Amino acid sequence: MNTLKLYIKSIGILLKSHLQYPSSFFMQTLAQLVMEGGEMMVVILIVDRFESLKGWSGGNLYFFFGIMSVSFYLTEMFGRGITGDFPSMIRTGRLDTFLVRPRGVLTQVLCGGTDPRRITCIAVGVAALIMGSNFSNIVWNPLKVLVLVESIAMSCLLILGLFMIEAIFCIFSVKSVELVNAITYGGRSACQYPIDIYPLPLRALFTVIAPFALTMHVPASWILDKPLYGWPSWTAFVTPLSGALVFAVMTVLFHLGIRHYRSTGS
Amino acid sequence: MPYFTVFKMRLRMELQYRGAMIGGIVCQMFFGLILVALYRALYAGKPQSIPIESVATYVWLQQAFFRMMLASDSELVDKIKSGDIAYDMCRPVDMYGFYYARIMAQKLMGSLMRAVPMLIVAFLLPKGWGISLPASFLELISAIPALLLGLLCVCALENITVAFTMKTLDPRGIQGLLNLLMMTLSGNLFPLTLFPESWQKVITFLPYAQLLDAPIRFYTGEYLPNEAFRIYGIQAFWVVILIALGVYMWNANKKRMVVQGG
């Protein structure tokens with residue numbers, strides 16, 4: 001609890017520091033809106049031209065897109081320390097100061113960065129979710145709301161876990177490893193559309209190694225009353241937990257990695 | 001010609017970064033594969049008048065020349081931020097031309113080094129997944145001047161972005177906005193050939209479509225060789241306008257340049 005209080009406090013301080021340059025902050029937030037708006041426009045153009053995608057209607061596609069944007073940018077907003085700042089913490093030696101403080105390293109890294117500009121991306125995601133829900137005529141009930149919340153929360157943990165792979169590599173190599181972007185940003189691009197449209201190798205990658213399909217597509221398709229692969233409904237509640245699993249494994253590896261951390265000395 | 005020397009030096013320097021390139025290529029190829037898979041799935045439901053092979057070719061060419069669009073001169077941005085740009089103003093060359101030559105070398109070499117290996121792999125992929133051969137030899141020949149004019153155009157756009165950085169001293173904000181506009185309107189995010197037809201009429205006239213969309217349309221046979229001079233005309237028009245605008249903005253900035261001391 002104490003940790004959580006600390007985290008909220010540091011987020012508040014960071015937010016204040018971002019707002020010290022209001023015009024720059026405003027422009028950047030606007031740029032984010034244009035970026036995510038552009039992505040959304042692509043989905044709209046696709047729906048306009050192709051109408052449906054392997055049995056998924058336009059409304060369904062907006063829903064999938066929304067779930068991905070909300071989860072991905074919530075992670076980037078609150079986990080900036082891992083998703084963006086970590087390589088520079090290693091390079092500049094800022095991480096060293098964390099090691100001597102009486103709090104967990106991961107906690108401090110997460111407390112050290114936030115990215116409030118992403119709020120507009122999340123807003124676009126929410127708009128897509130609402131659009132998707134309306135066009136697909138989803139009848140909401142408490143259970144479905146629960147599954148949606150679980151899916152988003154677990155997807156956030158999954159994405160954070162995947163970015164931690166890059167952080168772990170970075171501890172050893174100092175340089176940021178661009179290759180990992182293939183499963184983080186690549187995962188975002190691929191999995192904003194339902195997984196079953198892809199050929200087997202891509203499906204396997206995003207189900208087993210980076211299980212976006214399990215945290216997002218299984219529950220989302222259950223909410224849409226079109227269960228993925230016809231799987232029974234209990235899977236919608238269980239499979240998202242794989243996100244927490246990935247996060248747990250990566251946390252353990254991260255701490256193992258930190259033990260072998262050698263400062264750059266700068 | 002000092003500008004040509006800068007261009008040559010920069011070409012050599014860009015050649016040094018071969019290590020950083022491999023990670024970038026693998027990433028870019030993966031993105032290309034995902035996009036082609038998506039368009040194939042879409043085409044399976046509702047085929048369009050443009051064949052899927054052309055769309056796959058479009059995607060691969062866009063990915064291969066990605067570096068041409070999003071490469072910026074980080075040294076220049078640092079100089080603007082630190083104030084070292086003042087030294088450049090003392091040089092006996094025109095600043096705009098100097099940096100134009102630099103960015104052109106960077107974009108040309110950066111994209112060629114990535115495009116060649118990527119396109120070789122893309123040619124080896126099965127038909128409908130990879131890149132197809134050009135529509136005809138004549139089309140390939142007409143695509144090359146279009147690509148060069150596109151390069152001139154994108155460098156002029158880059159220098160306009162830099163002009164904004166000189167004003168705001170912050171390379172994010174409006175620059176991010178301009179880059180995103182470029183990604184969308186140049187066909188990187190979604191092939192311009194799949195935009196609604198009524199939009200395409202307007203979009204293909206905008207400067208962003210001159211960068212890669214025009215040469216790709218020659219390659220895939222969307223533009224016929226006998227239209228070549230009309231297209232080159234539009235491209236050249238934008239090159240002149242954008243360079244004029246850039247030179248004007250740089251000169252205006254030079255007069256009110258605030259050097260960050262210290």
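Okay, a definition to start: when the angle between two helix axes is under 35 degrees, we count the helices as roughly parallel. Keep that in mind, and keep in mind too that this is a predicted model.

So, let's look at helix α2 of chain A, residues 22-50. How do α2(A) and α9(B) run relative to each other, parallel or antiparallel? Well, α9 of chain B covers residues 174-185, and the two axes come within 8 Å and cross at roughly 10 degrees. That angle is under the cut-off, so α2(A) and α9(B) are roughly parallel. On the α2(A) side, the residues touching include A:M27, A:L30 and A:V34; on the α9(B) side, B:L177 and B:L180 are among them. By class, that contact has eight nonpolar residues, four polar ones and no charged ones.

Now, α2(A) has a partner in its own chain as well: helix α3, residues 58-78. Here the axes come within 10 Å and cross at roughly 160 degrees, which makes the pair roughly antiparallel. The crossing is right-handed. From α2(A) we get A:E36, A:M40, A:V43 and A:V47, and from α3(A) there's A:Y62 and A:F65, among others. The count by class is six nonpolar, two polar and one charged.

Last thing, the chains as a whole. Chain A puts 30 residues into the contact and chain B puts in 27. On chain B's side, α2 (18-45) and α9 each supply at least two residues, and the largest share, 13 residues, comes from α2(B). Sorted by class, chain B's side has 18 nonpolar, six polar and three charged residues.

How values were computed:
Residues are numbered from 1 along each chain as its sequence is written. Chains are lettered from A and ligands numbered from 1 in the order in which they are written. This is a predicted model: local features need pLDDT of at least 70, side-chain atom pairs count only at pLDDT 80 or more; totals for chains, interfaces and linings use all residues. Axes are lines fitted to C-alpha atoms, for helices over the stretch in contact, and angles run from 0 to 180 degrees between N-to-C directions. Helices (H or I, at least four residues) and strands (E, at least two) are DSSP runs, numbered from the N terminus. Angles under 35 degrees count as roughly parallel, over 145 as roughly antiparallel, 65 to 115 as roughly perpendicular and the rest as oblique. A crossing is left-handed if the near helix is turned anticlockwise from the far one by less than a right angle, and right-handed if clockwise. Two residues are in contact if their C-beta atoms, placed from the backbone, lie within 7 Å. Ala, Val, Leu, Ile, Met, Phe, Trp, Tyr, Cys and Pro count as nonpolar, Asp, Glu, Lys and Arg as charged, and the others, Gly among them, as polar.
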